[in-house]
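Okay, thanks for making room for me today. I'll put the structure up and then talk through a few spots in it.

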Amino acid sequence: MTNPYRHIPSLDALLARPDVLSLITQFGREPVRDEARDLLNDIRAEIRTGAAPPDADAIAARLHDRVRVHLAPSLIPVINATGVIVHTNLGRALLSEAAQQAMMTAARSYSNLEYDLSAGKRGSRYVHAEAMLTRLTGAEAALMVNNNAAAVTLVLRTLAAGKEVIISRSELVEIGGGFRIPDILSQSGAALVEVGTTNRTLLADYENALTERTGLLLKVHQSNYRIIGFTAEASLQELVGLARRLPAPIPVVNDLGSGTLLDARPYGLAYEPTVQECIAAGADVVTFSGDKLLGGPQAGVIVGRKEIIARLKRQPLTRAFRVDKTTLAALQATLAAYLRGTATEEIPVWRMISASQETLAQRARAWADALTKQGVRVELQPGGSAVGGGSLPGQTLPTTLLAVRHSHPQRLLAALRADSPPVIARVQDDQVVFDPRTVLPEQEPVLLNAIRTALSLLQ
Ligand SMILES: *Cc1c(COP(=O)(O)O)cnc(C)c1O
């Protein structure tokens, strides 16, 4: 009987292979050597339990896979063919060209991040973007933090720690990723006072719950769910009226979640209050995300009354939530597009929302033609894209889908995910479908190639 270990290369021989040398150049000698040693140990253990000894090429291929899993950067680009525009799992908003450039510039060069150029001394990072935000929203002052969860936490902690916060039972939502309004309230040291019922909350419910310990009235956007049927809610205006009538007025805080500056109705979506409307309605503080419908970088934006924003800026927790310079740069560039009135052309989220049905149908048809020419059987199907990111739940934008029929749709999805770059698609009526709305034009050739490759691998 021949020795089954005879063909297992030595560690040095494996590391000397040209295809392994390229791994060493990319990932470093020591990490690759450690991976190779562990792999050879694994293979010997497999042979002991009866596995056939692999040849040297198979061993090198396994080393490549292993190094990729353990040593290559895990955050990589993917193609989003799901049609969900603000896809939380796929990185939410894509940035405009101007925002990308601004991030690069801020990263490459020193800046006046915390430097007052006219006085020649220390300044504040919180002045950047503030004038743009107040102009766009009508608020007196603004502050940016890392994300909207931080914004809500900071506001509640500063304004309501040790006090009571009144909120409707219909707004005690979980946004996702474990962000639950009741938990945020208890984290910030405020006592939750829930009023009304799941479907109906009246102004009188808030009024009856007021005590001398009430710190603020909180209104939270229901975000990713909707209550329909027999419903009632107190409007923001009504809450503001109530809070102002008190002998000692208290603030009304509105967590808008997505926080749009544009009316989405012209694109066939339902009415969503804009940030500027909430400020005009009298909200003392409005919080929203930078990377949902605003279409900018991950950030939390707080706009509202000057004295409240000033208190927030002084609060020690703000330091823990402070934004990075590249984020500030991207946000400024994003806001500049709103000021110019070119947001729907420049900002990818709004470009995708406003893409015309004809354009989408044309793109899907061009995909279908290209694939059909190459012998791939596809169909076109009407479908719906979603805005996502907890905004406008249940609402869809009409689109044209490229549909591929396969006996194992889940396997086709998995093969697409295994490609480089991975393609994320979805299943509708047992077919794997691809929505042009969220696929960037420059990704089209790669996408079509991925579909072809995945199908041929599964044959
Ligand atoms: C998304 C959302 C949040 C959390 O915002 P992040 O920017 O993800 O931290 C908070 N409140 C509401 C209503 C939301 O929709």
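**A walk through the model**

Let me start at a single residue: Ala129 is buried, at a relative accessible area of 4%. You'll find Ala129 in the loop between β4 (121-122) and α6. Its backbone caught my eye, since phi of Ala129 is near 75°, a positive value in a residue other than glycine. As a reminder, most residues other than glycine have a negative phi. And do keep in mind that this is a predicted model.

Helix α6 covers residues 130-137, and Thr134 sits in it. Is Thr134 buried or exposed? Thr134 has 17% relative accessibility, so it counts as buried, the cut-off being under 20%. Leaving aside residues up to four places away in sequence, Thr134 touches Ala139, Glu140, Ala141 and Ala142.

Okay, let's zoom out. The chain has 459 residues, and buried ones make up 49% of them. We've got 19 helices and 18 strands. The C-alpha trace spans about 95 × 55 × 50 Å along its principal axes. Accessible surface for the chain comes to about 22,300 Å², and 52% of that belongs to carbon and sulfur atoms. On contacts: take those between residues at least 6 apart in sequence, and 73% of them join residues at least 24 apart.

The chain is divided into domain 1 (7-70), domain 2 (79-88 + 351-457) and domain 3 (95-346). As you can see from those numbers, domain 2 comes in two segments. Between the C-alpha centres of domain 1 and domain 2 there are 37 Å.

Now for the ligand. Which residues surround the ligand? Going round, they are Arg92, Asn147, Asn148, Ala149, Ile175, Phe179, His221, Ser223, Asp255, Gly257, Ser289 and Lys292. By type, that shell divides into 3 nonpolar, 6 polar and 3 charged residues. Two elements, α7 (148-160) and β11 (252-257), each supply at least two residues of the shell.

Looking at individual contacts, a backbone N or O atom of Asn148 lies 3.0 Å from an oxygen atom of the ligand. For Ala149, a backbone N or O atom is 2.8 Å from a ligand oxygen atom. Then there's Asp255, where an N or O atom in the side chain is 2.6 Å from a nitrogen atom of the ligand. How much of the ligand's accessible area does the protein cover? On its own the ligand has 380 Å² of it, and the protein covers 93%.

Next stop, Gln222, in the loop between β10 (214-220) and α10 (236-245). Gln222 is partly exposed, at 22% relative accessible area. Beyond residues up to four places away in sequence, Gln222 touches Ser170, Glu171, Val173 and Ile227. From Gln222 to Ala234 is 12 residues in sequence and 14 Å in space, C-alpha to C-alpha.

Two last backbone spots. What is the peptide bond from Ser420 to Pro421, cis or trans? That bond is cis, with omega near 0°. Pro421 is in the loop between α18 (409-417) and β16 (423-424). Most peptide bonds, by contrast, are trans.

Finally, Asp430 lies in the loop between β17 (426-428) and β18 (431-434). Asp430 has a phi near 65°, another positive value in a residue other than glycine. Ala129 is buried, whereas Asp430 is exposed, with a relative accessible area of 56%. That's my tour, thanks.

Note on methods:
Residues numbered from 1 in each chain as written. Predicted model: local features only at pLDDT ≥ 70, side-chain atom pairs only at ≥ 80, totals over all residues. Heavy atoms only, no water. Domains from an automatic or database assignment. Near = heavy atom within 4 Å. Polar contact = N/O pair within 3.5 Å; in protein donor to acceptor, adjacent residues only side chain to side chain. Areas by Shrake-Rupley, 256 points an atom, 1.4 Å probe, with all protein chains shown as cover. Helix = DSSP H or I, 4+ residues; strand = E, 2+ residues; numbered from the N terminus. Nonpolar A, V, L, I, M, F, W, Y, C, P; charged D, E, K, R; others polar. Buried < 20%, exposed > 50% of the residue type's maximum accessible area, 1.4 Å probe, protein only. Contact = heavy atoms within 4.5 Å.
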